[in-house]
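I set out to keep a short notebook on what I looked up in this structure. The entries follow the order in which I worked.

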Amino acid sequence: MTRAAKLAILAALVVAAFALSLVAGKQWLPLDGDAASAIMIELRLPRALLGLALGAVLGLSGAVLQGYLRNPLADPAVVGVSSSAALGAVAAILYAGGSSLAVFAAAMLGAGGAMALLAALTWRSPSPVAFILAGTVLSSLAGALTAFLISTAANPYAIASVLDWLMGALTDRSLDDAARAIPPMAVGAGVLLLTARALDALTLGEDAARSLGVRLGRLQALVVIGTGLTIGAGVAVTGVVGFVGLVVPHLLRPVFGHRPSDLLLPSALGGAALVLVADSLCRLAPGAGEVRLGVAMALIGAPFFLGLLMTYRNRAWI
Amino acid sequence: MDLTFDHVGVSRGKRRVLHGIDATLRAGRVTAILGPNGAGKSTLLKAALALLPTTGVVRLGVDPVATMDPRARARAIGYLPQDAAVHWNIRARDAVALGRLPHRSAYAAPSAVDEAAIDAALAATETAHLAYRPIGELSGGERARVLLARVLAGEPRWLLADEPLASLDPAHQLDVIARLRAVAAGGRGVAIVLHDIVQAGRLADDVMVLKDGRIVAFGAVADVLTPATLEPVFEVAFGTLAGPHPICIAIERLGR
């Protein structure tokens, strides 16, 4: 099967998952019914749009980071952007009223701060090792500060709303939320797609890549800006959703090949399909409430990933 | 177009790895770079590629390599590192195609010229039959030939290779030697770091001998590959064999 045919199948999956996301829920809606129904437009559509965008950028940034760090275990969390954006959001929930605009702005501020710190820490030696070290430092610092903020919360209700938000969800998002988050995600995705060539060259190692004309400083700037915008906006609007960026490139590598540039577009499509389906399943959970998307991804992702590791453990490339 | 080192020095931390190297490597010839471990051979190649900060200047023709546009430099100078790691299990042909990256405009698919260069490089290294195999399934020697094909596919004016014969069986060593000699015969420059002094005698026109970051000897192969030159450098007693090439063979460790 050609690459174009495989991409077409993935795209069809995304379309089907998007449709599922519109109709699925405690209340199933017919697609051919009154399309202007309030539930469809006000509740399901923004949710489906955000799921599509979030899944796409999580998959794409996972593929880019795995290529850049040449590590199949890398995912957007290692950069520290998501935990920094979460720190900003938690601060806004606790101390700025917690309106969706304030949370979004604070989370983007946190992501921007993380990007600036990453750039400052790795400016002098643009190499993936420096990058992952800086990201790890940033990630644990932001995690610690978030825990500190939570411990200063005025009352248990505030803590509950923070924890609820941190679990990541697409519930009750409005078209305004989608309109705020999707533009930075789209710009960031465009920036990430610019890395394709350089990621391929890095397959041969840093020296060989540089000898092929790759400017590591430029590449690193693209990775920082691209993940900052995509993951920052993603966390800002949905909270922290893990595993997508880690699992999707893995799933697709046997289908689309190992070359990093061949995985970028498929990972975006695969991530979108996965998040849309997972979010639809979240709504169908028994009981009055919903399973949080971040929790569902971890619940699906961890055993799935374990199975993948068991399957591939005898091969050189997992 | 010659490759000229003009008082080139390299430091790693506080340690000087290369001290004021002055030399002109000539196009159309194969220059072998010899020396004991830690002599600065690989560092010399990296300095020529502007992969390291240096003092002094390395020039390709009249252009300082450090200030060349990275893509133009990549088209002019091909580099085969000692590290044969390939980090993803890509197909051999895709690895070879990476050699064409500096020739391709952004986001364009490989052109017919690119495809022809890739095919020629695969043929030259006898790896065409491996083209669609994942690189992780190849033997060390096969992989080394594929990586050499990657550099050849770029058709650089200068080819700098770090230990290209390591991990090859004798037949493929001779093939690679013939290939590198053909590259030089076409008017391009070849500089390779070697440990095998016998192969250096067979492959090279010129030999540069480094020790402790300094040039000990540099000249035509027959003048440099002599026991008198090599013994103090390697601290090994050498003997010579008569033949079409000067053959120096290490015999025993010199007493310290």
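The entries below take each chain in turn and then turn to a database annotation.

**Entry 1: the kind of model.** I noted at the outset that this is a predicted model.

**Entry 2: secondary structure of chain A.** I looked up the elements of chain A and found 13 helices and zero strands. Read from the N terminus, the elements of chain A therefore form a run of α throughout, and the radius of gyration is 19 Å, close to the 20 Å that the globule rule gives for 318 residues, so chain A is as compact as a globular protein of that length.

**Entry 3: extent and packing of chain A.** I recorded that the C-alpha trace of chain A spans about 55 × 50 × 35 Å along its principal axes. Of its 318 residues, 54% count as buried, that is, under 20% relative accessible area. I then turned to contacts in chain A between residues at least 6 apart in sequence, and 77% of these join residues at least 24 apart.

**Entry 4: surface and charge of chain A.** I found an accessible surface of about 12900 Å² for chain A, with 71% of it belonging to carbon and sulfur atoms. Chain A has 19 positive and 14 negative charges, and the mean positions of the two sets are 11 Å apart.

**Entry 5: secondary structure of chain B.** I counted nine helices and 12 strands in chain B. The radius of gyration of chain B is 18 Å, close to the 18 Å given by the globule rule for 256 residues, so chain B is as compact as a globular protein of that length.

**Entry 6: extent and packing of chain B.** I noted that the C-alpha atoms of chain B fill a box of roughly 55 × 40 × 35 Å along the principal axes. Of the 256 residues, 52% count as buried. Among contacts in chain B between residues at least 6 apart in sequence, 63% join residues at least 24 apart.

**Entry 7: surface and charge of chain B.** I found that the accessible surface of chain B comes to about 10700 Å², and carbon and sulfur atoms hold 53% of it. Chain B carries 29 positive and 26 negative side chains, with the centres of the two sets 5 Å apart.

**Entry 8: annotation of chain A.** Which residues does the UniProt annotation "transmembrane region" cover in chain A? I read in the unreviewed entry that the covered spans include residues 76-95 and 178-199. Residues 76-95 of chain A are 75% helix and 0% strand, and their end C-alpha atoms lie 27 Å apart. Residues 178-199 of chain A are 91% helix and 0% strand, with the end C-alpha atoms 30 Å apart.

Key: Residues numbered from 1 in each chain as written. Chains lettered and ligands numbered in written order. Predicted model: local features only at pLDDT ≥ 70, side-chain atom pairs only at ≥ 80, totals over all residues. Heavy atoms only, no water. Helix = DSSP H or I, 4+ residues; strand = E, 2+ residues; numbered from the N terminus. Rg over C-alpha atoms; globule rule 2.2 N^0.38 Å. Buried < 20%, exposed > 50% of the residue type's maximum accessible area, 1.4 Å probe, protein only. Contact = heavy atoms within 4.5 Å. Areas by Shrake-Rupley, 256 points an atom, 1.4 Å probe, with all protein chains shown as cover. Lys, Arg positive; Asp, Glu negative; His and termini not counted. Charge placed at Lys NZ, Arg CZ, Asp CG, Glu CD. UniProt positions renumbered as here; feature names shortened; annotations may be inferred.
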